[in-house]
Structures are given as structure tokens and as C-alpha cells.
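Please find below my notes on the model, set out as numbered points for reading alongside the coordinates.

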Amino acid sequence: MIITLLGTGTSSGVPLIGCECDVCRSVDFRDKRLRSSIHIAVDGRSFVVDTGPDFRQQMLRLDLKQLDAVLFTHEHKDHTAGLDEVRAFNFRSGRDMPIYARSTVLNQLEREFSYIFSEHKYPGIPQIRVHEIQNEPFEVEGVTVIPIEVLHHKLAVFGFRIGDFTYLTDLNYIEEGELRKVYGTKVLVLDALQRQPHISHFTLDQAVDLANRIGADQTYFTHISHRLGLHREVENELPMHIRLGYDGLRIRV
């Protein structure tokens, strides 16, 4: 299994529009962060988790030719806004794109992309096949996915585990019963927004504590704000089994 971090930034991305801080003016490519998303290549299948506003750019940068399904963590715009772009894969494959999401996400998608869900569809619009998921394992193209329910302030969000890999973004709380699903993971990608307390995301210290508790062989942080600091400086503070993720990072599990 190969995981590619398509984006590791916040809802505003990095650099932030109009910001003159050291991070936003950095020339280090690792400090340039699109909205959070990942690509998973496993058993000959190709999945994306979330289609944010940068989805088209991420697909072009990855030079992706095959996409078999899309999984959604939650309904916020920075994780759903690029759904229209799956039409390119419709044209290429000649089939509907399977999407997997909980009911609240599907309801939001239907409101925001009403033309996709319309009974009378305009020619050329994205073609999707909807799969409603709940907090129990499900199959995507023969691959078993285990959802992990976390809280993003008061909003329920799904993380996902496939084999020895777990992805947990946009959270500041995970209940012990859900955490047990994560134990034994070899590679973990985890939310770490900034140093200061936040209403709906883990701080750097909180993320380090949770990563140590889970005990994955390697943890990478994502959903990173410009407020966290320069990539090269923050990495120097972290233990070797915990690194900052960056856009384009490929991880073999």
C-alpha cells in the first residue's frame, strides 16, 4: 500500500492569502500546503479521501489516471468542494464514481451539488454512485475499510483505517472505544493544527501525546496551520518516529 499526502494544510491553505509571516513567505516547498487530502493505492485500487477545493490541482500534480472511489471524512467545504472534478474520471473510465460517506455528508453534498443529484441530469455533469456508511467496517472495491469516529468540536467525523494505515484528520477528541480501533497501526497520519489551543483541532503537544499513546512505527502530522511554524524548525523538536507531513509525501505501508 502506498499513501500519498495530497494536501496537509488547513481550510485556508498555506500560504494564507495576504499573510506576511515567515511561514507564508517561506521558499521551502514543505511550507506550501494545499487543503488536506490523501491518495491510497492498495491491491491495484486507487482511492482518495476527501475532495477539497484543491482536488483538481492535486490530481494533476499526482498525474493520476485511475480513481476507483472517494471516501469522505466530513462535510466541511475544505473537504468536499472539489467533487465536481470527478467528472474527468467518469470520462476516462466510462463508469460512475462510487462515493462513501455518512448521511450528514451526503445530505450536504446533495444541497451543494444539487445538479449532480438531480433526477434530470445535464449532459456532462459528474456521475456518482452513493454509498452511505455508518460506524462499522465496509468494503470498497474489495478492500476493507474501518471507520473511526472522532469529534471535530461537536461535529462527528470519520477517520479511516485500511490494514496497517490509519488517517485521522480534523479532530480534537477520540473516545477510548474508537481509539482501540487504531492500536496496532504501523503508519498514522494525524491532525496537528498549531501550538495554541483550538476549539476543534489538536495542538502540536496534544497530537504528540496521542501519537505516543497509539505507538505507530511512524506518525505524520497533517492539517497544519501557518501558525505551527516553519517545517524545518518544527521537525527538529519532534522525536524521530513523529514527522511533519508535507504535500506530495509518499509513504509505503
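1. Phe-165 stands opposite Val-187 of strand 11, and this position belongs to the pairing of strand 10 (residues 165-168) with strand 11, two strands that run parallel and are joined by four bridges. The model is a predicted one, and the points that follow should be read with that in mind.

2. On the side of strand 12 (residues 218-222), strand 11 again has a parallel partner, here through five bridges. Within that pairing, Val-189 has Tyr-220 of strand 12 as its bridge partner. The connection between these two strands passes through helix 7 (residues 204-214), and strand 11, helix 7 and strand 12 together make a right-handed β-α-β unit.

3. How many of the five residues of strand 11 are buried? Five of the five residues in strand 11 (residues 187-191) are buried, so the strand is largely enclosed by the rest of the structure. In a regular strand, side chains alternate between the two faces of the sheet. In strand 11 both faces are covered, since Val-187, Val-189 and Asp-191 are buried on one side and Leu-188 and Leu-190 are buried on the other.

4. Turning to the aromatic residues, a search of the whole structure finds five aromatic pairs. One of them is formed by Phe-29 and Tyr-246, whose ring centres are 5.6 Å apart and whose planes stand at 90°, so the pair is edge-to-face. Phe-29 belongs to the loop between strand 1 (2-7) and strand 2 (37-42), while Tyr-246 belongs to the loop between strand 13 (242-244) and strand 14 (250-252), so this pair ties together parts that are 217 residues apart in sequence. As for solvent, Phe-29 is exposed, with a relative accessible area of 54%, and Tyr-246 is partly exposed at 23% relative accessibility.

5. Another pair is that of Phe-138 and Phe-160, with ring centres 6.3 Å apart and planes at 85°, so this pair too is edge-to-face. The pair links distant parts of the chain, for Phe-138 is in strand 7 (residues 138-140) and Phe-160 is in strand 9 (residues 155-162), 22 residues apart. Both rings belong to buried residues, Phe-138 having a relative accessible area of 11% and Phe-160 one of 3%.

6. Phe-138 and Phe-160 also belong, with Tyr-100 and Phe-158, to one aromatic cluster. A charged residue accompanies this cluster, in that Arg-102 lies over the face of Phe-158, at 4.2 Å from the ring centre.

7. Asp-78, in helix 2 (residues 77-80), deserves a point of its own. Is Asp-78 buried or exposed? Its relative accessibility is 9%, and because anything under 20% is classed as buried, Asp-78 counts as buried. Apart from neighbours within four places in sequence, Asp-78 is in contact with Thr-10, Ser-11, Arg-35, Gly-52, Pro-53, Asp-170 and His-223. Its side chain also makes a polar contact of 3.2 Å with the side chain of His-79. For a sense of distance, the C-alpha atoms of Asp-78 and Leu-168 are separated by 15 Å, the two residues being 90 residues apart along the chain.

8. The loop between strand 1 and strand 2 holds Asp-28, which is buried, with a relative accessible area of 15%. The side chains of Asp-28 and Arg-30 are joined by a polar contact of 2.8 Å. Pro-15 lies in the loop between strand 1 and strand 2 as well, and the peptide bond that joins Val-14 and Pro-15 is cis, with omega about 5°.

9. My last point concerns backbone geometry. Most residues other than glycine have a negative phi, and most peptide bonds are trans. Asp-43, in the loop between strand 2 and strand 3 (45-49), has a positive phi, near 50°, and is exposed, with a relative accessible area of 69%. Asp-50, in the loop between strand 3 and helix 1 (55-62), likewise has a positive phi, near 80°, but counts as buried, at 0% relative accessibility. When inspecting the model, the reader may wish to look at Asp-43, at Asp-50 and at the cis bond between Val-14 and Pro-15.

Definitions and conventions. Residues numbered from 1 in each chain as written. Predicted model: local features only at pLDDT ≥ 70, side-chain atom pairs only at ≥ 80, totals over all residues. Heavy atoms only, no water. Phe/Tyr/Trp six-rings, centres within 6.5 Å; stacked < 30°, edge-to-face > 60°. Buried < 20%, exposed > 50% of the residue type's maximum accessible area, 1.4 Å probe, protein only. Lys NZ or Arg CZ within 6 Å of the ring centre and 35° of its normal. Contact = heavy atoms within 4.5 Å. Polar contact = N/O pair within 3.5 Å; in protein donor to acceptor, adjacent residues only side chain to side chain. Pairing = 2+ DSSP bridges. Right-handed = clockwise from strand over helix to strand, strands pointing away.
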